[in-house]
Amino acid sequence: EEPPPPSDFLRMGSIDTYDTGFSIETFDKSLHHLKDRDTILEYHYPLVEETVEEIDDSSLAARDSLALQPGNESERGGIPQEILRHPATEDKYRRSRRGLWLLLCLLVVALAIALSIAIPHSRRSSDDEGDNNKEAFLEDLDEEMSPAPTGTPTAAPTHPHETSLVFKTLEPKVEDADLLLDPSTPQGEAFLAILAEDLDDPFRITQRYALLALYYGTGGEEWILDAGWADQKPNECLGAWLGVNGCRMQPDGNLAVGAIELESNGLKGSLPAEVCLLEKLENIVVAGNELSGALPACLAEINIVGNNFSGSLPEGLLSMPAIELLVFSNNQLSGSLDVLFETREASEFLSAFTTLKTLALDNNMFNGEIPSEFFFARSLVSLTLHGNMMTGSLDIVCEDEEETAGLPGTSIHTLTADCLNDVACTCCTACY
């Protein structure tokens, strides 16, 4: 049938209100009857104007082959889907949907951030409150169940060897018990050696520990001779250990070491204080070695001639009981000889001088004045002071008019000093 003229079509109203039975095919055929499609714009229908501008000839030709069936309209105002599916319309629709999705995503992200901040804070607050309640409950429970304290608890041992008999025996006797547990020290090496012997006699533990501390402290592995020391023979007395002599039987049946003689045997280092644990030791001879350091003050006879000992003489040297011989020649000892008499009552060094027979201090680095207390050295047989930097006089030793078998007023047979320089001595047997 013939399509209605364009004028009739245009008089049907705007696209928004046309009858649902009107097809786009009819609309397109009406446009073909127009010699000039632009004349449609004279009627000022906005939607038609926009549609006509956007639809090109190729799209119109494609639309000619389509027919919109009744009921194939969009839900939005009854606009046909062919119009809504036009590229321009769909682009606007997609942009609108993207905007909505973007807004929705932003809202979801904001909500997630807010929850991530709020939930941990709430949980921490809850946990803190729970922990506080739990601690308070446990404290109350401990107070109810714990018995009343009976005293200060003893600290638990921090080292497995602290519970051994060897450690318990030596701990109160040594200056620093921590050295026993340090295997890099001579004391630690000696401790481990005694621990391996499985001794149960405190006397034997102490005596063998003191000897081994001397061995490891003076480089025993490099001694010239070390028979008995290196393999730690069971009996340190009776000649089993080289240089260990003068053993004496004790009331409990043990043999106590009385002398150590290791002259010119390659000893190095220093004499450890542990030698003083040998309670019956009276004599130690270590002349001709390479020893240095301080001297232990616990011996009745000390012969350390020809070593490298330095420092001052030990205090209390003359307070040792029954001291007879002190030979310190040819070392690097220094300081004043007043240390022999400082803080000592006259009765103490008078008692020492009743037994001391030999005092050899020559060829060291002593200085200061010669003490006048040597006047009381009535038991001395030999006193050698030369080769030092001392001043003063020894004439006080010669002043007694009483004749004895030796020099006037004394029993001294050998008396030497630097009387060619700074020391006055009219009765010296040799001046240097």
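Colleague: Which order do the seven strands of the open sheet have?
Modeller: The pairing in this open sheet is parallel. Strands pair if DSSP finds at least two bridges between them; strands are DSSP E runs of at least two residues, and helices are H or I runs of at least four, numbered from the N terminus. The order is S5-S7-S9-S11-S13-S15-S17.

Colleague: Which strands stand at the edges?
Modeller: Each edge strand has a single partner strand, so one side of each is left without a neighbour in the sheet. The two are strand S5 (268-269) and strand S17 (423-424).

Colleague: What kind of model is this, and how are residues numbered?
Modeller: The model is predicted: local features need pLDDT of at least 70 and side-chain atom pairs 80 or more, while totals for chains, interfaces and linings use all residues. Side-chain values use heavy atoms, without hydrogens and water, and residues are numbered along each chain as its sequence is written, from 1.

Colleague: Which residue in S11 is the bridge partner of Ser310?
Modeller: Strand S9 covers residues 308-311. S9 and S11 pair in the parallel sense over two bridges. The partner of Ser310 in S11 is Gln332.

Colleague: What is the relative accessible area of Asn330?
Modeller: Asn330 lies in the loop between strand S10 (325-327) and strand S11 (332-336). Its phi is positive, about 55°, although Asn330 is not a glycine. Buried means under 20% relative accessible area, exposed over 50%, and partly exposed in between, with a 1.4 Å probe and protein chains only. Asn330 is partly exposed, at 36%.
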